[in-house]
Amino acid sequence: MLVLGTAVISGFSIFVNQFGVKVVNSNIFAGLKNIVVAVILLCLIFWFKEWKLLAKLKIKEWLTLILVGLIGGSIPFLFFFKGLSLTNGATTSFVHKTMFVYVIILAILFLKEKINKNLVVGASLLLLGNMLLLKIFNGFQFGYGEFLVLIATLFWAVEQIISKKALENISPKIVAWGRMFFGFLFIFIFWAATGQVKLLGGLDIGQLSWVWITAIFLLGYVLTWYSGLKYIKVSTAACILSLGAPITSLLEVAQKGIFDWQVFSGSLLMFMGVVVAVDFISKIKEIKVSQI
C-alpha cells in the first residue's frame, strides 16, 4: 500500500513538475527541491527521535548513503528534469515507468530475487500497456528529451538495488534523507562548476512557489517509497510504481479534454499487470483471513 501510494504521488508529481520546470532552470529546480526535502526529512528524523540511529551509522553505511545521493539524488535528477523540460509529462512518465524492466533484471542478478510466473505475466502486461501509452505502434518519436529521461531511469534502477540493501540496516527516513541531502551537495558542486549558483538570486516568488509545491510531492514520494521498499521485493515494488505512468497520462487526457483509446487501453493493461504481478487477489484474501 505504501508503494502504491508512491505510484499515485509519482503520477501526479510528473504532471505538475512539467509546469514548474518550464519556468525554472531545470538544474536549479532539481537542486532546490532536494534541499527543501532534505531539511524537512532531517526535522522528521529528530521529531521521531531517529537522530540516535543517524549518529550510530558506520563509515560503510555513510558511504552507502553518499552513493545513493550520487546515483539516485543528483545525476538522474539533472538528466530527468532537463529531459522533462524538452518533452511532455506523459511521455516522460512512460519512459520513466519502464524502470521495472531494468529493476527486475538487476534484482535477479544482484539480489538473487526469484521471479515467479505471476511477475512474468504481470510484467508482460505492464510492458504492453506501456507500449500503448507510448504509442509505439503509431511511430513514437524518441528524441533527446526522452533519451535524457531514459538515462535518469537507468540510474534510478541501479539506485533501487543499492537502497534495498541499505534498508536492511538503515531507517527508511535516513535513506531518504541521504538521497536528498547528498544529492543536493553533488548538484551544488555541479552548479558551482558550471557557474549556475548566481541564478539563485534571480528567482522570483512564482518560481519559488513551484519549487515548494513540487518538493511536497517529492517528500511524499521518498517517504512512502523507502518505507514500502524495506518490506517487499524491489522487483515487486518497481512493478507497482509503474502505475504512475497511466495516472500522468489520464491527467493529461483530462487536461486536453480529448478521448484517447490507446491511453485508456494501455492504462487498463498496466493496472491488470500490477494486479497479476503482486498477486493482489491472494493478498486481499490473506488480509480478510487475518482479520477473522
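Colleague: What volume does the second largest pocket have?

Modeller: In this predicted model, the second largest pocket has a volume of about 260 Å³. A pocket is an open set of grid points, whereas a cavity is one a probe cannot get out of. Of the 16 residues that line the second largest pocket, those closest to its centre are Ala90, Lys135, Lys256, Asp260 and Val263.

Colleague: Which helices each supply at least two residues of that pocket's lining?

Modeller: Helix H6 (89–96), helix H8 (117–134) and helix H13 (244–256) each do so. H13 gives the largest share, with four residues.

Colleague: And how many residues of each class are in the lining of the second largest pocket?

Modeller: Nine are nonpolar, three are polar and four are charged.

Colleague: Let me pick one residue of H13, Ser249. Is Ser249 buried or exposed?

Modeller: The general idea is to compare a residue's relative accessible area with a cut-off, and buried means under 20%. Ser249 has a relative accessible area of 3%, so this residue counts as buried.

Colleague: Which residues does Ser249 touch?

Modeller: Leaving out residues up to four places away in sequence, Ser249 touches Ala90, Phe94, Leu133 and Val263. You have met Ala90 and Val263 already, among the residues closest to the centre of the second largest pocket.

Colleague: Now for enclosed spaces. How many cavities of 30 Å³ or more does the structure hold?

Modeller: The structure holds two of them. The largest cavity has a volume of about 240 Å³. Its lining is made up of 19 residues, and Phe77, His96, Trp156, Leu218 and Tyr221 are the closest to its centre.

Colleague: Where along the chain does the lining of the largest cavity come from?

Modeller: Four helices each supply at least two of its residues: helix H1 (2–23), helix H5 (75–86), helix H9 (144–166) and helix H11 (205–229). The largest share, five residues, comes from H11. Sorted by class, the lining of the largest cavity has 10 nonpolar, six polar and three charged residues.

Colleague: What about the second largest cavity: which residues line it?

Modeller: That cavity holds about 40 Å³ of space. Its lining consists of His96, Lys97, Met99, Phe100, Gln160, Ala238, Leu241 and Ser242. Helix H7 (99–110) and helix H12 (234–241) are the elements that give two or more residues to this lining. By class, there are four nonpolar, three polar and one charged. Notice His96, which lines the second largest cavity and is also among the residues closest to the centre of the largest cavity.

Colleague: Let us step back to the whole chain. How many helices and strands are there?

Modeller: The chain has 15 helices and zero strands.

Colleague: What radius of gyration does the chain have, and what would a compact globule have?

Modeller: The idea is to set the chain's value beside one expected from its length. A compact globule of 292 residues would have a radius of gyration near 19 Å, and the chain has 19 Å, so the two agree. Along its principal axes, the C-alpha trace spans about 50 × 45 × 35 Å.

Colleague: How much of the chain counts as buried?

Modeller: Of the 292 residues, 52% do. As for the outside, the accessible surface comes to about 13,800 Å², and carbon and sulfur atoms account for 72% of it.

Colleague: And what do the contacts in the chain look like in terms of sequence separation?

Modeller: Take the contacts between residues at least 6 apart in sequence: 89% of them join residues at least 24 apart.

Note on methods
Residues numbered from 1 in each chain as written. Predicted model: local features only at pLDDT ≥ 70, side-chain atom pairs only at ≥ 80, totals over all residues. Heavy atoms only, no water. 1 Å grid on protein atoms, 1.4 Å probe; cavity = no way out; pocket = protein on both sides within 12 Å on 5 of 7 lines; lining within 4 Å. Points joined across faces, edges and corners; volume = space filled by probe spheres on them. Nonpolar A, V, L, I, M, F, W, Y, C, P; charged D, E, K, R; others polar. Rg over C-alpha atoms; globule rule 2.2 N^0.38 Å. Buried < 20%, exposed > 50% of the residue type's maximum accessible area, 1.4 Å probe, protein only. Contact = heavy atoms within 4.5 Å. Areas by Shrake-Rupley, 256 points an atom, 1.4 Å probe, with all protein chains shown as cover.
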